[in-house]
Amino acid sequence: MSENSQRSVTVERAGAGQYVATNVRGGTITFGTGSDEFTPVELLLAALGGCTAVDVDLATSRHAEPATFTVEVTGNKVDDELGNRMTDLAVTFTVAFPDGEGAERARTILPRAVKTSHDRLCTVSRTVEIGTPVTATVQDA
C-alpha cells in the first residue's frame, strides 16, 4: 500500500435536499434531489464512466486526438430483498479518431485500453465489482 493511499471527501448539507461534496484540494460538486442536480446514483454512474474515461483517454490520445469521445453509463435501480441498489451496470465507449498520424494505432489500442481499465486500473469499477464493504457510523457533533 502506498504511504498516501487514503482518499476522502466531505459532504455538507447546503439546503433542503441539496449537498456539496468537497475534496482535499478544494474541488466541489453540488448534488441533491432537485430536478436540475445530479443525484447520488448519477454521481456513482459518472464516477464509473469518468474513471475508465481517464484511463482510456490517457492510453489513446497520446497517439491521436479523438474527434469524438463519449462514455455512456447505464444501470437499473432496483429495490428488492437486498434493498435499494443498482444492477446491470454498463459502460459504453463511443470514440472516433480522425485520419492522420497515430489514428490507426489509437483505434487499435482502444479495446485493450477499455479492457485494461475495467479489469485492473479503474479504482471505481474495481471497488464496485469486488464488493468492498462500507462502514457507516455516527459521530457526536
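Here are some short exercises on the structure above, each with a worked solution.

**Before you start**

This is a predicted model, in which local features need pLDDT of at least 70, side-chain atom pairs count only at pLDDT 80 or more, and totals for chains, interfaces and linings use all residues. Residues are numbered from 1 along each chain as its sequence is written, and side-chain values use heavy atoms, leaving out hydrogens and water.

**Exercise 1. Describe how helices H1 and H2 pack.**

Step 1: find the helices. H1 covers residues 40-61, and H2 covers residues 103-121. Helices (H or I, at least four residues) and strands (E, at least two) are DSSP runs, numbered from the N terminus.

Step 2: look at the geometry. The axes of H1 and H2 are 9 Å apart, and the packing angle is about 145 degrees. Here axes are lines fitted to C-alpha atoms, for helices over the stretch in contact, and angles run from 0 to 180 degrees between N-to-C directions.

Step 3: give the handedness. The crossing of H1 and H2 is right-handed. A crossing is left-handed if the near helix is turned anticlockwise from the far one by less than a right angle, and right-handed if clockwise.

Step 4: list the contacts (heavy atoms within 4.5 Å). From H1 come Cys51, Thr52, Asp55, Val56, Ala59 and Thr60, and they meet Ala106, Ile109, Leu110, Ala113, Val114, Ser117 and Leu121 of H2.

**Exercise 2. Is Thr60 buried or exposed, and which residues does Thr60 touch?**

Step 1: place the residue. Thr60 sits in helix H1.

Step 2: check the accessibility. Thr60 is buried because its relative accessibility is 0%. The cut-offs are under 20% relative accessible area for buried, over 50% for exposed, and partly exposed in between (1.4 Å probe, protein chains only).

Step 3: name the neighbours. Setting aside residues up to four places away in sequence, Thr60 touches Phe97, Ala106, Ile109 and Leu110.

**Exercise 3. Compare the surroundings of Cys122 and Val124.**

Step 1: start with Cys122. This residue lies in the loop between H2 and helix H3 (123-130). With a relative accessible area of 0%, Cys122 is buried.

Step 2: list what Cys122 touches. Apart from residues up to four places away in sequence, its contacts are Leu48, Cys51, Thr52, Asp55 and Ser117. Cys122 is also 8.8 Å from Val54, C-alpha to C-alpha, although the two are 68 residues apart in sequence.

Step 3: turn to Val124. Val124 belongs to helix H3 and is partly exposed, at 25% relative accessibility. Beyond its neighbours within four places in sequence, Val124 contacts Ala47, Leu48 and Cys51. Gly50 lies 74 residues from Val124 along the chain, and their C-alpha atoms are separated by 9.1 Å.

**Exercise 4. How many salt bridges does a search of the whole structure find, and where do some of them sit?**

Step 1: recall the idea. Side chains of opposite charge can pair when their charged atoms come close. A salt bridge is a side-chain nitrogen of Lys or Arg within 4 Å of a carboxyl oxygen of Asp or Glu.

Step 2: count. The search finds five.

Step 3: inspect H2. Arg107 pairs with Glu104, with the closest N and O atoms 3.4 Å apart. These two are three residues apart in helix H2, so about one helical turn separates them. Lys115 pairs with Asp119 at 2.4 Å between the closest N and O atoms. Lys115 and Asp119 are four residues apart in H2, which again means about one helical turn.

Step 4: inspect H3. Arg126 pairs with Glu129, the closest N and O atoms being 3.1 Å apart. Both lie in H3, three residues apart, about one turn of the helix.

Step 5: look for a network. Salt bridges link Asp99, Glu104 and Arg107.

**Exercise 5. What is notable about the phi of Asp88?**

Step 1: recall the background. Most residues other than glycine have a negative phi.

Step 2: read the angle. Asp88 has a phi near 55 degrees, a positive value in a residue other than glycine.

Step 3: place the residue. Asp88 lies in strand E5 (residues 83-96) and is exposed, with a relative accessible area of 57%.
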